[in-house]
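Let us take a walk through a protein together, one step at a time. Have the picture ready, and turn it as you read.

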Amino acid sequence: MSTVMEPGPKGPRWSVEQLPFPLIDRARVMGDPDLFYMLVSASFVEITSDLYTQNLVDYFDGDAEVQQWLEHQWQHEEVQHGFALKRYVTTVWPEFDWDEAYRRFFSDYARVCIVENLGPTRALELVARCVVETGTATMYTLLGRLTDEPVLRLLTDHIRRDEVRHYGFFYHHFVSYQRDERPSRTAILRTLWSRVAEIDNEDAYYAFKHVFMMRHPSRTFTDSDYHDFRRRFLARARGEYPFHMAAKMVLKPLALGRHVQRAAVPLLTAGARHLFLR
């Protein structure tokens, strides 16, 4: 895992080599343990996207356009996010054994990353993908707001822009599949809600677990360690999370009328704030 995968025909819009890692102001971030956990955990999940991509490619068998984009664009950009985050982490915290911690994470996580966890129909899986991309786009927006370290702000902005584009692709193909499958608005809403409710998901849990165990080898990891971290981070993020952005992105697959959406966004924003800060 020493180099980024070669880009596909369209290729990533930026590269790890273009980022000015030698200019990182380590003093601004190295004493922030919660930021450390967020960045390492994100690097683990992003760099493992190739495993999940194959599940999606198999699921969309017969749809060459979606399969090719997943394999030659989405996968490469997601994995590049992981390598860039890894490079940042190992520059700021060189004492952390990223490779060994990731090896343990992958061994644990690969058991639960299975195709059976995908949606019941392609349209609804694409709705679920929109929610996931909403989560990542807003998370990197948040991370950029929580730091004043210039290189990290540049990196999170690159990733945020990628995730917003990925959302656009999944949404476009959801609309296409929606015409054929005609899922009810209730089914779409149920999918949206179930994915939003999975904010505290397996990806984040397994990643944090193995980062924590590597950083504290003499301690026994318990679920309370993860929940304590989440409470600290959520309290810190309450004034910076882009709730309005999240609400608009989540509502879009419902295709509400302009007036209904205008009324719904503030309500969902308030609901998202409550869910996020619980």
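A charge is said to sit over a ring if NZ of Lys or CZ of Arg is within 6 Å of the ring centre and within 35 degrees of the ring normal. Keep that idea in mind, as it will return further on.

What you see is a predicted model, in which local features need pLDDT of at least 70 and side-chain atom pairs count only at pLDDT 80 or more, while totals for chains, interfaces and linings use all residues. Residues are numbered from 1 along each chain as its sequence is written, and side-chain values use heavy atoms, with hydrogens and water left out.

Now for the overall plan. The protein chain has 11 helices and zero strands; here helices (H or I, at least four residues) and strands (E, at least two) are DSSP runs, numbered from the N terminus. How confident is the predictor? The score for this is pLDDT, the predictor's confidence in each residue, from 0 to 100. The protein chain averages 88, and 87% of the residues score at least 70. Among the elements, helix H6 (residues 150-181) has the highest mean pLDDT, 97, and helix H11 (residues 258-276) the lowest, 61. Over residues 1-9 the pLDDT is below 50, although this stretch has 18 contacts in the model beyond near neighbours in sequence.

Next, look at inside and outside. A residue is buried when its relative accessible area is under 20%, exposed when it is over 50%, and partly exposed in between (1.4 Å probe, protein chains only). Of the 278 residues of the protein chain, 51% count as buried. In soluble globular proteins, nonpolar side chains tend to be buried together. The term for such a group is a nonpolar core, a set of buried Ala, Val, Leu, Ile, Met, Phe, Trp, Tyr and Cys residues joined through side-chain atoms within 4.5 Å. In this model the largest nonpolar core holds 84 residues, and Leu39, Phe44, Leu70, Tyr88 and Phe96 touch the most other members.

Contacts (heavy atoms within 4.5 Å) tell you which parts of the chain meet. Among contacts between residues at least 6 apart in sequence, 84% join residues at least 24 apart. Tyr88 makes a good example: leaving aside neighbours within four places in sequence, Tyr88 is in contact with residues including Phe21, Leu39, Glu149 and Leu155. For a whole helix, try H2 (residues 49-59), whose buried residues include Tyr52, Leu56 and Tyr59. The buried residues of H2 pack against helix H1 (33-47), helix H3 (64-92) and helix H5 (122-146).

Let us move on to helix H6 and its rings. Rings of Phe, Tyr and Trp (its six-membered ring) pair if their centres lie within 6.5 Å; planes under 30 degrees apart count as stacked, over 60 as edge-to-face and the rest as tilted. The structure holds 32 aromatic pairs. One of them joins Tyr171 and Phe174, with ring centres 6.2 Å apart and planes at 45°, so this pair is tilted. Both residues lie in helix H6, three residues apart, about one turn of the helix. Tyr171 is buried at 18% relative accessibility, and Phe174 is buried at 1%.

Here the opening idea returns: Lys252 lies over the face of Tyr171, at 4.6 Å from the ring centre. Elsewhere, the charged end of Arg215 sits over the ring of Tyr37, 5.8 Å from its centre. Helix H6 also holds Tyr167, which is buried at 5% relative accessibility. Not counting residues up to four places away in sequence, Tyr167 touches Cys130, Glu133, Thr134, Met249, Lys252 and Pro253.

Is a proline in a loop buried or exposed, as in the case of Pro242? Pro242 is found in the loop between helix H9 (223-237) and helix H10 (243-251). At 6% relative accessibility, Pro242 counts as buried. Pro242 and Ala137 are 105 residues apart in sequence, yet 9.6 Å apart in space, C-alpha to C-alpha.

Finally, compare two arginines. Arg195 is found in helix H7 (residues 185-196), and Arg190 has its place in helix H7 too. Which is buried and which is exposed? Arg195 counts as buried at 17% relative accessibility, whereas Arg190 counts as exposed at 55%.
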